[in-house]
Structure formats: structure tokens, C-alpha cells
Amino acid sequence: MSDLTLSPTWHALKEERKAWKALHLRTLFARDRKRAERFSLQLDDLLLDYSKNLIRPQTLKLLVKLAREAGVESLRDAMFGGEKINLTEGRAVLHTALRNRSDRPVLVDGADVMPGVREVLGRMGAFVGKVRTGKWKGFAPRGQGAKAITDVVNIGIGGSDLGPAMACLALRPYGGNIRAHFVSNVDPSHLVDTLEDLNPATTLFIVASKTFTTQETLLNAQAARTWLLDWAGDAKAVARHFVAVSTNEAAVGEFGIDPANMFGFWDWVGGRYSLWSAIGLPIALYVGMDAFEELLAGAFDMDEHFRAAPLEANMPVLLALLGLWYNNFWDADSYAVLPYEQRLARFPAYLQQLDMESNGKGVTRDGRPVKVSTGPIVFGEPGTNGQHAFYQLIHQGTKLIPCDFIAAAESHNDLNGQHAVLLSNFLAQPEALMRGKTAAEVETELAMAGLGKREIKALLPHKVFPGNRPTNTLLYRRLTPRTLGRLIALYEHKVFVQSALWNVNAYDQWGVELGKQLAKAILPELTGAATARPGAHDASTAALIATLSAALRSS
């Protein structure tokens, strides 16, 4: 692929950026009464209003032209077609196959993967039905009766934790008689605190690890196994209280889990894209298989839109292009995701992994150094909490931070008209970021408040807001499983489009491997194991190892 930064379109976008020195969104809205209509898209009840962005029709035309030059359409078709676009690992990228609601086959190496996908979904559905109806019983120690499961603890990390944990919180109104818990951190406090109020007789553990070798997950699983056996006193209890999402049948069986209760997935499912697979088992147990299927259907809705809609009217493509516009032409190295929906509290953290692990790359697909800024820093908190924390920086700070505002028109819980208050803030913040407040407006406001000229002069510069701060607004009727599926898939495809634009591989993560390798070498040094081989550490790391090793010996 040729270097896009050398194309005439890239240079035309540089010139377009210069034009914004004399432009303000407030003025553009005043001149064009149809601006909001012109720069909005809708997919069923999901509305994207991107009119409060630093764009004109000619800006958008140039950005779309850049997407075509980058081959976004052909790369998109290659992904859906099962081609091995994950070049460094030689794998297809087919999380979309997991939610394929059509009769279309999906081929990898000439074989249709859909029968296997449907078989796993069928096994998941049967298992979920047993657990949720109480037919699946826990272990019965001598003299005690077997009890139905009331609590599910998912033990995983990264994509095996963030997606299911986020989705279960988001879909709490659809939860039933099963409570869902998540343990990911190797810090033992995470597991201890989770188990504190649980009854081993009614607790089911899901060990989520494709290889069944993930260090953090296996250590937590072994500790949970010990907790269970301390109660049961019989290793047979493991098969009634543990299931696995894995492909390593031998290791699963050795742990004590019945291989019949192992749910597999495929090497073309990346961790951060895996909640649609058996990794979503805790979601299905929590909300039921019908609601889980609705989640898949929502993602499929977005997949179909992404595949078919022209680039100019394609939600993921437009979000990706706007992100590139700010990242590469405005030096905006971060963006904020701000859900005005408390149950989407984990959505920004989920998107951190999706975006930063996918596009946090410094080399192109062909191994050359990238010439522009790639993966942005993603952060966010639910509104209105964030307004009382970091919005000040977004409004008046020296950094340009584009924002995505997300909200539901209807709440699952409206108390005393509070949802209207939430929505008034949801609407006011993007408007304030776009409009700003001029010196003349501040002066008038302070004069009406009775301040004198000297006081006004002193306060004036502190109360001026520059405005021209870009935002997207995503609005939907109500947060349902289908809506959540659409939202997640929207951002998945946005990240993919940006990877195509930057010509990076969004589906590997070699950068995390070095730390894992060093940790394995350091552990025996810390614990004083006989196998320890002091490494050639830097002076700081060596001194810290010595200090912590002494602390561990004395504890």
C-alpha cells in the first residue's frame, strides 16, 4: 500500500485544516439551518449526529476520498470474506461470523465455519437453560442436598473479562435469577472480595482461557478450586461447579472440569472481539440465551450497515474518518467516550482495550515505521459524574479532546423526573463545547450580575470559553441487548477502518509479550526459588527485586 501522507488528498486536508483558523461552528450553524440534518445518520433507533464536528462538506468529501485511496472497502470485504488479514499471525478475523444471522456461509480456507458457530451456540443455549431453570445442580456433600446455581463467577482477563463484565452491567434490567461476578486481577484481593459473600454450594465458576495457560486466570482458578474443595471435601465437586471456555481439552480435564462442559472458539476470534463467542457465556447465563441472541442480532445489524452503506453514509466509516481528522490534522492524541447511562459505566474501559490494543502500533502492515500518530488515548466516565471531574480540561484546557456523547431517550428507571435532568446535561455539554462563550457575552453577564468594570476586567479572561470543541452524539431509544450489540459493533468497525487508513494490523498485540516474558524470569528471583537465575537487570529493577524479595521472605 502506498503512503497516504504523500497523496494529494492528504495535502488537501492539510490546507482544509488551515481554513479552520477563521471558522467557528457557531457561525456555521447560524448560516446553515440544515446542518444537523445534513450531518446525521440513523440505523433504526440509533441516531448519530456528527454536526458538531470541525467539518464542512468539502472536509467530508476529502476524508471519504482518503478512505477510498486507503482501500477501506476492499479490506472490509477481505475481512468479511475470511481472508487472513491478521498477517503477523496468519489468521482470518471473523468475529462477525459469530453473530451472522443470515444463511450466508463464511469460508476460512475453503470451509464454512458457520456450522461450528451454530453448534457452540446450541450447546451454550442448552447449558444456559439447565442452569437458569435450576435443573443443573451443584455438588451434594454427604448428608446435604444438591442446590441450584445462584451465582456465576467468570475468571478471565483482558477480552475474557472486559466484554462480558461490561455487557452484564449494561444489561442488568434483563438479568434474572443468576447473579454475575467477574474476577480478573491476579491480586488475590479481587478473588477474596468476590467470594466473601458467596455460597460454594450455589456458585458456578467459568474459567475463560483459550489455551488454559493464562497465568492470572489459572492462578485465580486454582484458588477458587481450593475454596470450593475446602467446603466440599471431594474433588468430584469440581465438575459440578466449574466449566471452561477453552480449546485445551487435556488441561481442562486435568483441572477436573468435564470436557463435555468445555465451550470452544477459534483462532480467528481475537480476545478483545470475543464476547460474541463462548466467552459470552456469563452474559447468556445472566440475561438468558434469547437476550444474548438479541445482542448478536444487534451487532449483525451494524455489520450489514457497515458492509452495504456507501462510505459517505456509513456510521463506522464516518466515526473513523473524524477520529483520523483530529488525530492527524489537529494533533488530538486522545478522545473521550461519555455515556449518559450509568449502566454503560464500563463501556469506556471496554473501548480502551478495543482501540488502544488494536491500533496502538508503530509499524505498518508491511513492517515499516508509521509516519503519523496512530491509536489515540481513550478515556471516559459516565455523565454527569465526569462533568464534576475532567470536563474542565475539555472545555477550557489547551488540548483538543473530541468527545462521543451517548444516551438513551428512555430510561429503565426514571425517578422524580431525573432522566430529564440527565438528558438536559447530555444535550447542554455538547452545545457548550460547540458554542463557547465570547468575551462580549461574559461582559454582559457579569454586568447584569452587578459587577463593576474593574471586577469584570479581572474575571473576564477566566470565564471565556473558546468553543469549537468537537463532539459526536449517539442517541437510541432504550438500552436493550440489540442496542448494545449495535453500539459495540459500531466501535469495532470504526477501529478496523482506522487501522486500514493507518495501514496497521489491528489484530495482533505483540507489545504486551515482553512484559510477560520478563515477569516469568523475575518471579523465581522474587520468591527465592531454586530455579532462579538472576537476570541482567538494570540497577533500578535489581534493587527493587532485592527489596521486595526481602519483604516476601519476612511476611
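# Cavities, pockets and a buried helix

Biologist: Which helices and strands each supply at least two residues of the lining of the largest cavity?

Modeller: This is a predicted model, and the answer is read from its atoms. Two helices and three strands need to be named, and each supplies at least two residues of that lining. They are helix H15 (315–329), strand S10 (334–340), strand S12 (403–408), strand S13 (471–476) and helix H21 (481–502).

Biologist: Which element gives the largest share of the lining of the largest cavity?

Modeller: The largest cavity has a volume of about 150 Å³. Of its 18 lining residues, Gly323, Tyr326, Tyr335, Pro402 and Lys494 are the closest to the centre. The largest share of the lining amounts to five residues, and the element that gives it is H15.

Biologist: How many residues in the lining of the largest cavity are charged?

Modeller: The lining can be divided by residue class. Nine of its residues are nonpolar and seven are polar. The charged residues number two.

Biologist: Which element gives the largest share of the lining of the second largest cavity?

Modeller: The second largest cavity has a volume of about 60 Å³. Its lining includes Leu75, Ile85, Arg365, Phe496, Ser499 and Ala500, and by class the lining holds seven nonpolar, two polar and one charged residue. The largest share is three residues, and it comes from H21.

Biologist: What is the volume of the largest pocket?

Modeller: A pocket is an open set of points, whereas in a cavity the probe fits but cannot get out. The largest pocket is lined by 42 residues, and those nearest its centre are Thr214, Gln509, Val512, Glu513 and Lys516. Helix H10 (215–232), H16 and helix H22 (513–527) each give two or more residues to this lining. The volume of the largest pocket is about 1,300 Å³.

Biologist: Which element gives the most to the lining of the largest pocket?

Modeller: By class, this lining has 14 nonpolar, 17 polar and 11 charged residues. The greatest contribution from one element is five residues, and the element is H22.

Biologist: Which helix gives the most to the lining of the second largest pocket?

Modeller: The second largest pocket holds about 410 Å³ of space. Among its 18 lining residues, Gln342, Ser411, Asn413, His419 and Leu422 lie nearest the centre. The lining is made up of five nonpolar, nine polar and four charged residues. Five residues come from the element that gives the most, helix H18.

Biologist: Why is helix H8 (residues 162–170) largely enclosed by the rest of the structure, and how many of its residues are buried?

Modeller: The buried residues of H8 are Leu162, Gly163, Pro164, Ala165, Met166, Ala167, Cys168 and Ala170. What covers them includes strand S6 (179–183), helix H13 (281–287), helix H16 (347–359) and H21. H8 is largely enclosed because, of its nine residues, the number buried is eight.

Biologist: Which residue in the turn between S1 and S2 has a positive phi?

Modeller: Strand S1 (residues 40–43) runs antiparallel to strand S2 (residues 46–49), and four bridges join the two. They form a hairpin with two residues between them, and Leu43 stands opposite Leu46 in S2. The positive phi is about 55 degrees, and it belongs to Asp44.

Biologist: Which residues form the covered face of strand S1?

Modeller: Strand S1 has two faces to compare. Ser40 and Gln42 make up the uncovered face. The covered face is formed by Leu41 and Leu43.

Definitions and conventions:
Residues numbered from 1 in each chain as written. Predicted model: local features only at pLDDT ≥ 70, side-chain atom pairs only at ≥ 80, totals over all residues. Heavy atoms only, no water. 1 Å grid on protein atoms, 1.4 Å probe; cavity = no way out; pocket = protein on both sides within 12 Å on 5 of 7 lines; lining within 4 Å. Points joined across faces, edges and corners; volume = space filled by probe spheres on them. Nonpolar A, V, L, I, M, F, W, Y, C, P; charged D, E, K, R; others polar. Buried < 20%, exposed > 50% of the residue type's maximum accessible area, 1.4 Å probe, protein only. Pairing = 2+ DSSP bridges. Contact = heavy atoms within 4.5 Å.
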